[in-house]
Amino acid sequence: MTATPKVIITCAVTGSIHTPTMSPYLPITPNEIVEAAVGAAEAGAAVIHLHARDPETGKPTPDPRLFMDFLPRIKQQTDAVMNISTGGGLKMSLEERLEAAHAARPELCSLNMGSMNFALHHIVPKYDTWKHEWEKPYLEGTKGGIVSNTFEQIERVIVEVGQAYGTKFEFECYDVSHLYTLAHFLDRKLLTPPLFVQTIFGLLGGIGASPEDMMHMRRTADRLFGRDYLWSILAAGKHQMGLCTMGAVMGGNVRVGLEDSLYLAKHKLAKSNAEQVAKIRRILDELSLEVATPEEARTILKLKGGNEVAF
């Protein structure tokens, strides 16, 4: 692994997993997403990971018009790197998942590195009532659904977004096999190092969230990529801060945000994405680890620059 001199903090502000019933603080409308993104950047996030939601219902949507509502406004208020999801939401087609990336031609996009059982159905029993009709069946449907990221689909994203626009990727690896899939595309020379490898822990259907799981992913990535990758850690729910801290001490970068966990501490909902960013930054400061600015993150990740996007 190439250890970075400073830690890149990514903040994923809304995502497509959590639903409005779960937290009143989840950003839904374009205005709320702008406020969340700017607040996270001001708290220390160099990269902002973005999804869109229907402003009325909060349901994840691929509508590029919504992305193009909030992207320019975030850019006007912060110099953070904007990272657009190509994972989208459950049951979206690949064409839908790529609409925002085609419209925005961003510096950075996420790219899931394998098809998987992306299970959320076990969350349903925690709630007796729902704000919107779509929420419960959306979550229950994951018991019988598969999130599709085939070799053909991954290659299309690399070619149609990466090669076409000079966009780099946050390669989202939910299990060890995803690292091997990423190595396959690197071996075929479809990708140029450094690879920004986001290892994801604690989601049902992916690898677990124990320190041993994280070490196994790190060792495997080291063996496959050597010094051709930059490591980042994302852990779901209660595991978020602990594994991010452990990974940062080991030379990795970190990702927080309400997409990954709704909580700031045990039984305490985070009232904003900025609160989570501020917390991980305090931890990094106490450990004498420096936090990267957006421009430093661009240099570390070898991004094309904020002036080369379409918003």
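Select Asn112 in this predicted model and show its contacts: leaving aside residues up to four places away in sequence, Asn112 touches Gly87, Asn149, Ile154, Glu172 and Tyr174. The residue belongs to strand S6, which covers residues 108–112. Its relative accessible area is 9%; because the cut-off for buried is under 20%, Asn112 counts as buried.

Next, keep S6 on screen and add strand S7 (168–173). S6 and S7 form a parallel pair with five bridges. To find the register, pick Leu111, which stands opposite Phe171 in S7.

Stay on S7 and colour it by burial. Six of its six residues are buried, so the strand is largely enclosed by the rest of the structure. Both faces are covered: Lys168, Glu170 and Glu172 are buried on one side, and Phe169, Phe171 and Cys173 are buried on the other. Glu172 is also one of the residues that Asn112 touches.

Now add strand S8 (195–201). S7 and S8 pair in the parallel sense too, over four bridges, and Cys173 stands opposite Thr199 in S8. Trace the chain between these two strands: from S7 it passes through helix H6 (residues 176–187) to S8, a right-handed β-α-β crossover.

Last, select helix H10, residues 294–301. Its buried residues are Pro294, Ala297, Arg298, Ile300 and Leu301. Look down the axis of H10: these residues fall within an arc of 165°, so they line one face of the helix. They pack against S7 and S8, and also against strand S5 (81–84) and strand S9 (229–235). Step just past the end of H10 to Lys302, where phi is positive, about 60°.

How values were computed. Residues are numbered from 1 along each chain as its sequence is written. This is a predicted model: local features need pLDDT of at least 70, side-chain atom pairs count only at pLDDT 80 or more; totals for chains, interfaces and linings use all residues. Side-chain values use heavy atoms; hydrogens and water are left out. Buried means under 20% relative accessible area, exposed over 50%, partly exposed in between (1.4 Å probe, protein chains only). The arc is that of the directions from the helix axis to the C-beta atoms. Contact means heavy atoms within 4.5 Å. Two strands pair if DSSP finds at least two bridges between them. A crossover is right-handed if, with the strands pointing away from the viewer, the path from the first strand over the helix to the second runs clockwise.
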